[in-house]
Amino acid sequence: MSTITMKGVGVVPSKKELCVVSHPEPKITAPNEVRVRTIEVGICGTDREICTFAYGHGPTGCDYLVLGHECLGEVAEVGPGVTKFKVGDLVVPSVRRPCTDPNCKPCREGRQDFCFTWTFKERGINQLHGYMTEQWVEEETYLTPVPKDLRDLAVMAEPLTIAEKGLAQAWIVQKRVPGWEHDNLDGKGRGFGRNAVVLGAGPIGLLGAMKLLIEGFKVFIYSRSPKPNFKADIAEQIGVEYISSKEVTVDELAKKIGNIDLVYEAVGEGDVSFELARVLGINGVFIFTGIPAEKPQIPVFADTIIRNITLKNHALIGTVNASPQAFLDAIHDLGEFKKRWPKAISSLITGRHTIESHRELLTGKAEGIKNVIQF
Ligand SMILES: NC(=O)c1ccc[n+]([C@@H]2O[C@H](COP(=O)([O-])OP(=O)(O)OC[C@H]3O[C@@H](n4cnc5c(N)ncnc54)[C@H](OP(=O)(O)O)[C@@H]3O)[C@@H](O)[C@H]2O)c1
Ligand SMILES: [Zn+2]
Ligand SMILES: [Zn+2]
């Protein structure tokens, strides 16, 4: 019997090649699986890095890896044991799959984002094919339902989960500080009265800023390009002051804001990140999202930073991947963003492209904010 194949965007690491691969059409092989037709897939820095062959491997025995981990799809078929989905439903899949170690409690409890063994697999990144192809099959447990009215935005759910997980952790950590969290009896949000700086105005930063705003924080975006620019315009549309690091130093920023209670780092650049860590306020929390490529050593004010971490009760946390709850929260919050800032949230998607544009999008100059490939 001949295998039906589909087009996919993939890399062949052994040949350092990016190409359109001929990928077998997937079939449901277990009762709890769902076959999904891809609607669109977002492109991010991780995909672009895989295209530099820094990392990224296909499944054992397969010489290519289908890319793509930020996806919106439509259910095309459900296995007989599927209970949560039906044909026609919109879904967003998660990325990481658990390790097999019976003693890895996070993985055994569906929290592979905290895997202890680091032998997890990730769709479109490491040992599992991604979603940049016409159809894929997945267990229903790794899918989050999407309301129909979020069809235009839900491809951004996965990058928003980074902020959801980051903030969820920050709330847990900051329970240590009496009164850090606003009681929210007035509905102003748990972050009311606290200053947050988002470092960077790419998709991760802008989505993070929106999340912080709906939590009630006073938000500032500190990023590179001076105004006027498209990202600063979006910041202003959502009511956030955009400040350029080319015009205002970190010390001037801290003086202007007062106590910086939270930093959401979304630049992936060590120098400016540790400069900002130096001015984090009393009892502050610093959330790192960046995954910078290896670069030469840089000087930082290490003693000042350590002294401040100790004396000002700083907490530094990272956020990667995300829990099923973070995916549910991301879908919910995209709905909130759409209600509050319909124009700004939709303008984060700066381009919808066909598969033919993959090379330019993945290896060319990164233009716009979030580019997606439609299938
Ligand atoms: N934790 C995770 O799971 C996860 C997931 C996805 C991405 N990430 C990471 O998150 C980071 C941000 O991702 P992204 O897609 O939003 O990136 P991006 O599109 O490249 O945006 C980066 C932003 O940071 C600004 N910037 C860069 N260098 C700067 C500097 N020295 N000073 C001030 N601002 C600077 C850029 O300014 P311009 O506007 O002037 O270019 C841009 O606005 C990356 O490191 C990425 O690897 C992490
Ligand atoms: Zn991504
Ligand atoms: Zn594990």
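## Exercises on a predicted model

In this predicted model, 22 residues surround ligand 1, and the closest are Ala201, Arg224, Ser225, Lys231 and Thr319.

**Exercise 1.** Describe the surroundings of ligand 1 by residue class and by polar contact.

*Solution.*
- Step 1: The shell around ligand 1 divides into nine nonpolar, 10 polar and three charged residues.
- Step 2: Two side chains place an N or O atom by an oxygen atom of ligand 1: for Arg224 the distance is 2.8 Å, and for Lys231 it is 2.9 Å.
- Step 3: The backbone also takes part, since a polar backbone atom of Gly202 is 3.4 Å from an oxygen atom of ligand 1.
- Step 4: On its own, ligand 1 has 940 Å² of accessible area, of which the protein covers 80%.

**Exercise 2.** Determine which parts of the chain are linked by the salt bridge of Arg194 with Asp261, and classify Asp261 as buried or exposed.

*Solution.*
- Step 1: The closest N and O atoms of Arg194 and Asp261 are 3.3 Å apart, which is within the 4 Å limit for a salt bridge.
- Step 2: Arg194 is in the loop between α3 and β12, while Asp261 is in the loop between α6 (250-257) and β15 (262-265). The two residues are 67 residues apart, and the pair links distant parts of the chain.
- Step 3: Asp261 has a relative accessible area of 3% and is therefore buried, the limit being under 20%.

**Exercise 3.** Contrast the salt bridge of Lys211 and Asp333 with that of Lys256 and Glu241 in location and accessibility.

*Solution.*
- Step 1: In the pair Lys211 and Asp333, the closest N and O atoms are 2.9 Å apart. Lys211 lies in helix α4 (residues 203-214) and Asp333 in helix α9 (residues 324-340), so the pair ties together parts 122 residues apart in sequence.
- Step 2: Both Lys211 and Asp333 are buried.
- Step 3: The side chains of Lys256 and Glu241 meet at 2.8 Å, N to O. Lys256 is in helix α6 and Glu241 in strand β14 (residues 241-244), 15 residues apart.
- Step 4: Lys256 counts as partly exposed at 46% relative accessibility, and Glu241 is partly exposed at 35%.
- Step 5: Salt bridges with shared partners join Glu164, Arg190, Lys211, Glu215 and Asp333 into one network.

**Exercise 4.** Locate Phe274 and name the surface patch to which Phe274 belongs.

*Solution.*
- Step 1: Phe274 is placed in helix α7 (residues 270-278).
- Step 2: Its relative accessibility is 32%, so Phe274 counts as partly exposed.
- Step 3: Together with Ile298 and Val300, Phe274 forms a nonpolar surface patch with about 230 Å² of accessible area.

Terms used. Residues numbered from 1 in each chain as written. Chains lettered and ligands numbered in written order. Predicted model: local features only at pLDDT ≥ 70, side-chain atom pairs only at ≥ 80, totals over all residues. Heavy atoms only, no water. Patch = residues over 30% accessible without salt bridge, like charges linked within 9 Å, V, L, I, M, F, W, Y side chains within 5 Å. Areas by Shrake-Rupley, 256 points an atom, 1.4 Å probe, with all protein chains shown as cover. Helix = DSSP H or I, 4+ residues; strand = E, 2+ residues; numbered from the N terminus. Buried < 20%, exposed > 50% of the residue type's maximum accessible area, 1.4 Å probe, protein only. Near = heavy atom within 4 Å. Polar contact = N/O pair within 3.5 Å; in protein donor to acceptor, adjacent residues only side chain to side chain. Nonpolar A, V, L, I, M, F, W, Y, C, P; charged D, E, K, R; others polar.
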